[in-house]
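Hi there,

Here is the structure I promised to pass on to you. Have a look at it first, and my notes follow below.

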Amino acid sequence: MASTRWEPAQYARFADHRGRPFHDLLSRVASPSPSLVVDLGCGNGPLTLGLADRWPGARIVGVDHSSEMLSAARELDTEGRVEWVEADQAEWDPTSLGERPDVIVTNAALQWVPGHLPLLAGFVDALADGGWFAMQVPGNFQAPSHRLMREVAAAHPRAAELSPALARADAVAEPGTYLQLLTAAGAGVDVWETTYAQVLDPAGEQEDPVLEWVTGTGLRPVLELLTDEAERAQFLDVYRERLRAAYPRTPAGVIFPFRRIFAVAHKAGA
Ligand SMILES: C[S@@+](CC[C@H](N)C(=O)[O-])C[C@H]1O[C@@H](n2cnc3c(N)ncnc32)[C@H](O)[C@@H]1O
């Protein structure tokens, strides 16, 4: 699949909100001293470096297909604690590292791989005995932020290109599906979901914090296609207004509820 162009600095805004599910996910991974830890769709690096902090004795590998994200990650990794690998997580061969991973993490990345469900059994299979697979995906593709994006795209003159490039309402499965697939792969499984009542921009410094948020992630395919200023404005002017109505400012800030789905699978063995 073609790689979306990322802007690491834009993604890094709201880093606290984006990092929290990663920490919640990892809190359920009980590997005491793994030798090899892999972060698939690792992004711009800070969370992967957190894995190196947690397991200082482990070899840590971050895999991503975005050269922009990886170069931001390498810049952050001043001590060279992580091996950064440019690859597509859908095609990446877990045996390519010469040893079986004890932990495979993929946080907020599998939703970018259409039809990712068949990959799950392969990740569990690739683990060392006693290993852990931990994934988190957003469960908000039917939320106004995404629904409105699809609606505005469908009404745009370049709808024929925009609509297929956007995440579909069914980009991720329901928690029970992840639970069943990972159980069928022979692992002990823990699946849950959380809706974070995220408060964006409590200080009132941004006109459109939800637009800022999606500009760092889900809106990337639109921005990549609409490079002409007028065409882009034609999209953004409508989308911005509709986002403002869907996510009004409150005295607390702009409340942006965000559902996330988590699954942790523990492979039997040592
Ligand atoms: C929302 S960011 C998440 C980054 C990081 N895991 C985090 O939690 O902050 C999604 C990342 O997945 C990467 N990605 C998307 N599809 C991918 C694929 N098919 N193969 C490898 N990386 C992919 C993107 O390049 C991006 O860095």
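Let me start with a question: is Gly122 buried, exposed or partly exposed? Gly122 has 13 other C-beta atoms within 10 Å, so it counts as partly exposed; a buried residue needs 20 or more, and an exposed one has 12 or fewer. You will find Gly122 in helix α5, which runs over residues 119–126. Ala185 is 63 residues away from Gly122 along the chain, yet their C-alpha atoms are separated by 8.3 Å.

Please keep in mind that this is a predicted model.

**The chain as a whole**

The secondary structure amounts to 11 helices and eight strands. Along the principal axes, the C-alpha atoms fill a box of roughly 55 × 40 × 40 Å. The radius of gyration is 19 Å, which agrees with the value near 18 Å for a compact globule of 270 residues. Of those 270 residues, 39% are buried. If we take the contacts with a separation of 6 or more, 76% of them join residues that are 24 or more positions apart.

**The ligand**

Around the ligand there are 21 residues, and the closest are Gly41, Gly43, Ser66, Ala109 and Trp112. By type, the shell around the ligand holds 11 nonpolar residues, seven polar ones and three charged ones.

**Helix α2 and its two faces**

I spent some time on helix α2, which covers residues 15–26. Its 12 residues reach 17 Å from the first C-alpha to the last, close to the expected 16 Å. Which residues of α2 are buried? They are Arg18, Pro21, Phe22, Leu25 and Leu26. These residues sit on the same side of α2, because they cover an arc of only 140° around the axis. As a reminder, an α-helix has 3.6 residues a turn, so residues three or four places apart point the same way. Asp16 and His23 are exposed, on the face of α2 turned away from the buried side.

The cover over the buried residues of α2 includes α3 (46–54) and the strands β4 (103–107), β5 (132–138) and β8 (253–267).

Pro21 is a good residue to click on in this helix. It counts as buried because it has 21 C-beta neighbours inside 10 Å. Leaving aside residues up to four places away in sequence, Pro21 touches Asn107, Gln136 and Arg260. Asp93, by contrast, is 26 Å from Pro21, C-alpha to C-alpha, with their positions 72 residues apart in sequence.

**Helix α3**

In α3, the buried residues are Leu47, Thr48, Leu49 and Leu51. They pack against two helices, α2 and α4 (67–76), and against the strands β1 (36–40), β2 (59–64), β3 (82–86) and β4.

**A loop residue**

Finally, take a look at Pro202, in the loop between β6 (187–200) and α9 (209–215). Pro202 counts as exposed because 12 other C-beta atoms lie within 10 Å, and exposed means 12 or fewer. Apart from residues up to four places away in sequence, Pro202 touches Ala252 and Gly253. Val103 is 99 residues from Pro202 along the chain, and their C-alpha atoms are separated by 36 Å.

Happy to go through any of this with you.

Best wishes

Methods:
Residues are numbered from 1 along each chain as its sequence is written. This is a predicted model: local features need pLDDT of at least 70, side-chain atom pairs count only at pLDDT 80 or more; totals for chains, interfaces and linings use all residues. A residue is near a molecule or strand if its C-beta atom, placed from the backbone, lies within 6 Å of it. Ala, Val, Leu, Ile, Met, Phe, Trp, Tyr, Cys and Pro count as nonpolar, Asp, Glu, Lys and Arg as charged, and the others, Gly among them, as polar. Helices (H or I, at least four residues) and strands (E, at least two) are DSSP runs, numbered from the N terminus. The expected span of a helix is 1.5 Å times one less than its number of residues. The arc is that of the directions from the helix axis to the C-beta atoms. Two residues are in contact if their C-beta atoms, placed from the backbone, lie within 7 Å. The radius of gyration is taken over C-alpha atoms; the globule rule is 2.2 Å times the number of residues to the power 0.38.
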